[in-house]
Amino acid sequence: MTKRFAAVAAASFVLTVAPLSAQESGFPMERAPELDVLSGAVDAISRMHMESFADSVLWEAAIDGMIGALNDPYAELFTPQEAEAWEEDTTGNYSGIGLQITLLNDEITVTAVFRGFPASEHGIAVGDVIVGVADYDATDWGTDMAADSIRGPVGTSVEVRIKRLGYEQPIAYAITREEVHVPAVDYGVLEGDIGYVIMDRVARNAAREMNEALADLAGRKGLIIDLRRNPGGFLDESLMLADLFLKPGSTLASTVQRVAGGAADQPETDSYGDRWPQLVPDLPVVILVDEFTASGAEILAGALQDYDRAVVLGQRTFGKGVVQTVMNLPHGRRLRFTTGSWLTPLGRSLQRDRDRQGMPVPADVDTLPRIETASGRALISGGGIFPDLVIQDDTLTTVEQEFIRASNIEQFPLGLRIAEYGLSIAADRGEDAAWTGGVSEQQFATFVAQLREEGLETELLDDSDVQSYLRWRVDIAMAQRMSDVAAEVSVRTSRDPVLTEAIRLIETTGSQSALFAEVDSRPGAPQAPRSN
């Protein structure tokens with residue numbers, strides 16, 4: 001299973017439930033004989049096999065074998081540690097002080113401080129270096145050790161000592177831990193008075209965060225919602241997100257799901273209706289997707305596409321149209337498996353068949369049915385969200401690929417050095433400084449010289465294309481450290497044809513209907529089905 005597929009699989013349409021009783025599960029009250037057989041086999045192998053195996057290892061293997069037999073690429077058993085990590089990834093919640101740390105220049109460096117949480121309230125800033133936690137010296141720690149030590153039960157206190165430029169001695173803060181939520185939504189206003197929202201996952205509170213963003217962005221010329229690389233998340237949050245954009249009474253989605261204890265061939269169908277007032281009804285909307293947009297992000301894009309509420313740009317999405325149940329098991333374990341499927345408001349199934357390795361099963365797109373929207377636009381049903389306008393992401397040039405390859409061969413930490421230099425330039429400008437452009441010629445020359453001094457021996461460093469690529473990467477890193485979404489987007493547009501086209505479309509049209517007319521006039525746009 002690839003890392004990216006694993007990330008998408010981890011963020012699902014999640015329904016977390018407690019273990020089922022015998023009556024709820026539909027199984028007989030008496031112990032099934034197969035359980036005695038399995039228990040006896042584990043006991044025999046544990047006691048008599050020529051090699052020694054712990055019972056836990058054998059039971060893990062038995063469960064893995066059972067999961068493998070399901071032919072369900074998204075099924076998985078979580079250990080307690082994996083369950084905790086899954087909970088944090090999908091909800092954005094953890095108990096701590098509210099900061100992000102990265103190992104830069106061999107120091108545990110604060111690279112983000114979340115507003116409204118203890119670290120921000122105590123004055124910890126981006127660029128601070130953590131040198132101590134409690135009674136311990138943290139100068140030789142890694143980020144995992146530091147994070148584990150800083151986190152702890154809500155209401156307890158931890159002392160954090162930081163090194164800050166301009167101060168001779170470390171600064172100590174006694175900070176009370178709180179429940180921290182890492183936002184899933186970030187937004188800004190681009191040139192041309194265009195609102196831009198990026199959502200990296202469908203986490204808890206994502207709908208509330210989107211609601212706040214829309215309140216600030218109402219009245220703009222248009223809105224771009226960037227769902228690229230968004231692996232999805234919770235079903236209810238996905239529905240609430242769609243609810244913000246559609247009229248009350250609209251169908252948001254429907255699910256076909258097996259009832260606990262019921263027959264697999266007699267699933268239950270549920271539909272979900274829009275209940276809340278529609279926000280920004282006159283704001284033209286463009287949604288950006290790619291091959292890693294999945295699950296909850298797909299249901300948002302699919303719902304708005306079905307109702308002609310948004311133009312979708314980019315690449316065909318991942319195609320994850322299944323409902324998964326995450327069941328709590330004894331001893332801190334959790335079991336995730338597929339219990340149903342979901343459909344868009346027009347009844348489109350977006351599920352794309354995949355093998356156990358996560359690779360798509362080949363299928364002829366031309367054989368997939370088309371469904372017509374109320375305005376007569378044709379949408380493909382099955383295998384993910386197909387954009388209204390397909391635009392390929394930017395790719396590295398040949399010389400840029402050669403440069404990256406040379407850096408990898410030399411085992412040079414190029415990405416880390418870019419992040420470090422971006423942070424240092426952002427810190428020089430100050431925490432509240434406004435974006436005034438990227439690195440200067442002198443600053444960039446200094447950065448390239450540092451790369452050479454540290455041993456990056458490649459003639460490609462003198463190539464103008466490579467230098468342009470490096471400058472672009474450093475500017476992005478600097479904008480990220482300044483927490484300036486608009487500045488980061490401004491830098492990215494030079495190599496982001498999908499975002500560039502979204503901006504151009506909004507700038508040259510004045511309404512949602514005009515957006516569709518412009519997109520539908522392009523060669524290759526899907527055609528409405530015809531009756532014979």
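Begin by selecting helix H14, where the buried residues are Val466, Tyr469, Leu470, Trp472, Val474, Asp475, Ile476, Ala477, Met478, Ala479 and Arg481. Bear in mind throughout the tour that this is a predicted model. With its 18 residues, H14 reaches 26 Å from its first C-alpha to its last, close to the 26 Å expected at 1.5 Å a residue. To see what surrounds this helix, add E4, E5, H11, H12, helix H13 (441-453) and helix H15 (485-492), against which the buried residues of H14 pack.

Keep H14 on screen and select helix H11, residues 398-409, which packs against H14 (residues 464-481) at an angle of about 70°, the two axes being 9 Å apart. Because angles of 65 to 115 degrees count as roughly perpendicular, H11 is described as roughly perpendicular to H14. Displaying side chains at the crossing brings up Val399, Glu400, Phe403 and Ile404 from H11, which meet Asp465, Val466, Tyr469 and Leu470 from H14. Sorted by class, this contact of H11 with H14 has 6 nonpolar residues, 2 charged ones and no polar ones.

Now stay with H11 alone, a helix of 12 residues that reaches 16 Å from its first C-alpha to its last, close to the 16 Å expected at 1.5 Å a residue. Select Val399, Glu400, Phe403, Ala406 and Ser407, which are buried in H11. Looking along the axis, one finds that these residues cover an arc of only 125°, which puts them on the same side of H11. The partners of these buried residues are helix H12 (414-429) and H14, against which they pack. Turn to the other side of H11, where Thr398, Asn408 and Ile409 are exposed. Continuing along the chain, pick glutamine 411, which follows H11 and has a positive phi, near 55°.

That backbone angle leads to two further stops. Most residues other than glycine have a negative phi, so positive values are worth a look in a backbone display. Select aspartate 106, in the loop between strand E4 (99-104) and strand E5 (107-113), where phi is near 60°, a positive value in a residue other than glycine. Aspartate 106 is exposed, its relative accessible area being 67%. Then move to valine 280, in the loop between strand E15 (268-273) and strand E16 (285-289), which has a positive phi of about 40° although it is not a glycine. Is valine 280 buried or exposed? With a relative accessible area of 13%, valine 280 is buried, because the cut-off for buried is under 20%.

Next, select glycine 142, whose place is in the loop between strand E7 (136-137) and helix H7 (143-150). Glycine 142 is partly exposed, with a relative accessible area of 32%. Adding isoleucine 101 allows a distance to be drawn from C-alpha to C-alpha: it is 9.9 Å, for two residues that stand 41 apart in sequence.

The last stop is helix H17, residues 512-520, in which Gln512, Leu515, Phe516 and Val519 are the buried residues. Around the axis they cover an arc of only 95°, which puts them on the same side of H17. To see what covers these buried residues of H17, display the elements that include E16, strand E17 (311-314), strand E22 (389-390) and helix H16 (497-508).

Terms used. Residues numbered from 1 in each chain as written. Predicted model: local features only at pLDDT ≥ 70, side-chain atom pairs only at ≥ 80, totals over all residues. Heavy atoms only, no water. Helix = DSSP H or I, 4+ residues; strand = E, 2+ residues; numbered from the N terminus. Buried < 20%, exposed > 50% of the residue type's maximum accessible area, 1.4 Å probe, protein only. Axes fitted to C-alpha atoms, helices over the stretch in contact; angles between N-to-C directions. Parallel < 35°, antiparallel > 145°, perpendicular 65-115°, else oblique. Contact = heavy atoms within 4.5 Å. Nonpolar A, V, L, I, M, F, W, Y, C, P; charged D, E, K, R; others polar. Expected span 1.5 Å × (residues − 1). Arc of directions from axis to C-beta.
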